[in-house]
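Colleague: Please take a close look at one part of this model. I should then like to see that part placed in the context of the rest of the chain.

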Amino acid sequence: MDLSGLTEHVTSKGVGGQAGTSAPRWDESSGRRQDDAAGGGIVDIHRRDEAARETILNACTGLVRDGRHLTMEAIAQAAGVGKQTLYRWWPSKGAVVAEAMNRRAHTRARVPDTGTVHEDLTTFLADTFAGAAQSANQRMLRRIMAGAQQGSYLTEAVADFTATRREELRELLERGQQRGEIAADVDLGVPVDQAYGVLWYRLLLGHAPLDRQAASGLADNLMASALHR
């Protein structure tokens with residue numbers, strides 16, 4: 001679950017890899033981005049320009065990472081865009097956070113297809129654990145989960161994020177079930193809960209590492225017990 005984008009530096013002018021780097025500016029009347037690199041030309045954003053979305057998502061996650069009060073206005077200011085631009089793509093700040101989390105997680109922990117469910121499961125869990133184990137991501141995930149318990153906008157973000165990750169793991173297991181590697185009568189929701197239960201338990205309590213050994217051992221146990229009858 002790679003959320004490395006959460007560590008992007010947010011400057012007073014926007015998001016960038018170096019201090020003083022400004023985010024793209026937008027013309028709200030036309031719904032277009034002022035592209036300095038193109039000599040002041042404009043780029044149509046109605047095609048959901050990926051660079052623009054990335055700038056906004058990085059700004060959002062940077063604000064959450066730093067524990068700052070999050071509003072659509074704050075995200076827009078950090079990204080160097082107008083609030084109207086955000087509402088063209090997202091209905092709420094929770095939706096922005098959810099997409100940012102899902103995008104970073106999917107970048108690191110894609111669903112593999114090695115030909116065997118055991119290897120797929122081991123790889124997926126190892127990549128997911130590695131992303132969550134990064135110190136910046138640990139702080140972010142703990143903060144987001146704590147906020148979600150308070151009934152804030154983060155409740156929506158966490159619900160969306162975890163549902164997406166659960167569905168990806170379930171699809172991986174369903175593929176193994178279709179190949180006959182997992183018994184047809186196994187309720188796949190149980191091993192999915194067990195897998196993410198280990199991740200969140202270790203992440204929140206910090207009593208044991210989220211490393212490849214843990215991922216491999218968990219995959220072995222799931223295959224030996226929950227996934228075979």
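Modeller: The part I have chosen is residues 71-90, a span that is 75% helix and 0% strand, with its end C-alpha atoms 13 Å apart. The choice follows the UniProt record, an unreviewed entry, which annotates residues 71-90 as "DNA-binding region". Please bear in mind that this is a predicted model.

The context begins with the whole chain. The protein has nine helices and five strands, and along the sequence its pattern is β-β-β-β-β-α-α-α-α-α-α-α-α-α. Of its 229 residues, 46% count as buried. Among contacts with a separation of 6 or more, 65% join residues 24 or more positions apart. The protein exposes about 10700 Å², of which carbon and sulfur atoms supply 48%.

Confidence must be weighed before any detail is read. The mean pLDDT is 80, and 77% of the residues reach 70 or more. The lowest confidence is in strand β1 (residues 10-11), with a mean of 34, whereas helix α8 (residues 189-205) has the highest, at 96. Over residues 1-43 the pLDDT is below 50, although this stretch has 119 contacts in the model beyond near neighbours in sequence. Where pLDDT is low, the predicted coordinates should not be read in detail.

Before the annotated span in sequence comes helix α1 (residues 50-65), whose 16 residues should span 22 Å at 1.5 Å a residue; the end C-alpha atoms are 22 Å apart, which agrees. Since 13 of these 16 residues are buried, α1 is largely enclosed by the rest of the structure. Two of its residues illustrate the environment. Glu54, which lies in α1, counts as partly exposed because its relative accessibility is 22%. Neighbours within four places in sequence aside, Glu54 is in contact with Arg103 and Arg104. The C-alpha atoms of Glu54 and Arg103 are separated by 9.4 Å, though the two residues are 49 apart along the chain. Arg65, also in α1, has 17% relative accessibility and therefore counts as buried. Its C-alpha atom is separated by 8.8 Å from that of Leu141, 76 residues away along the chain. After α1 comes Gly67, with a positive phi near 70°.

Leu141 leads on to helix α6, where it is one of the buried residues. This helix (residues 135-148) has 14 residues and reaches 20 Å from first C-alpha to last, close to the 20 Å expected at 1.5 Å a residue. Also buried in α6 are Ala136, Asn137, Met140, Ile144, Met145, Gly147 and Ala148. The buried residues cover an arc of only 160° around the axis, which puts them on the same side of α6. An α-helix has 3.6 residues a turn, so residues three or four places apart point the same way.

Helix α9 (residues 212-226) can be read likewise. Its 15 residues should span 21 Å at 1.5 Å a residue, and its end C-alpha atoms are 20 Å apart, which agrees. Ala214, Ala215, Leu218, Ala219, Leu222, Met223 and Ala226 are its buried residues. Seen down the axis, they fall within an arc of 160° and so line one face of α9. That buried set packs against α5 (117-133) and α8, while Gln213, Asn221 and Ala224 are exposed on the other side.

Terms used
Residues are numbered from 1 along each chain as its sequence is written. This is a predicted model: local features need pLDDT of at least 70, side-chain atom pairs count only at pLDDT 80 or more; totals for chains, interfaces and linings use all residues. Side-chain values use heavy atoms; hydrogens and water are left out. UniProt positions are given in the numbering used here, feature names are shortened, and annotations may be inferred rather than shown by experiment. Helices (H or I, at least four residues) and strands (E, at least two) are DSSP runs, numbered from the N terminus. Buried means under 20% relative accessible area, exposed over 50%, partly exposed in between (1.4 Å probe, protein chains only). Contact means heavy atoms within 4.5 Å. Accessible areas come from the Shrake-Rupley method with a 1.4 Å probe; for residues, only the protein chains shown count as cover. The expected span of a helix is 1.5 Å times one less than its number of residues. The arc is that of the directions from the helix axis to the C-beta atoms. pLDDT is the predictor's confidence in each residue, from 0 to 100.
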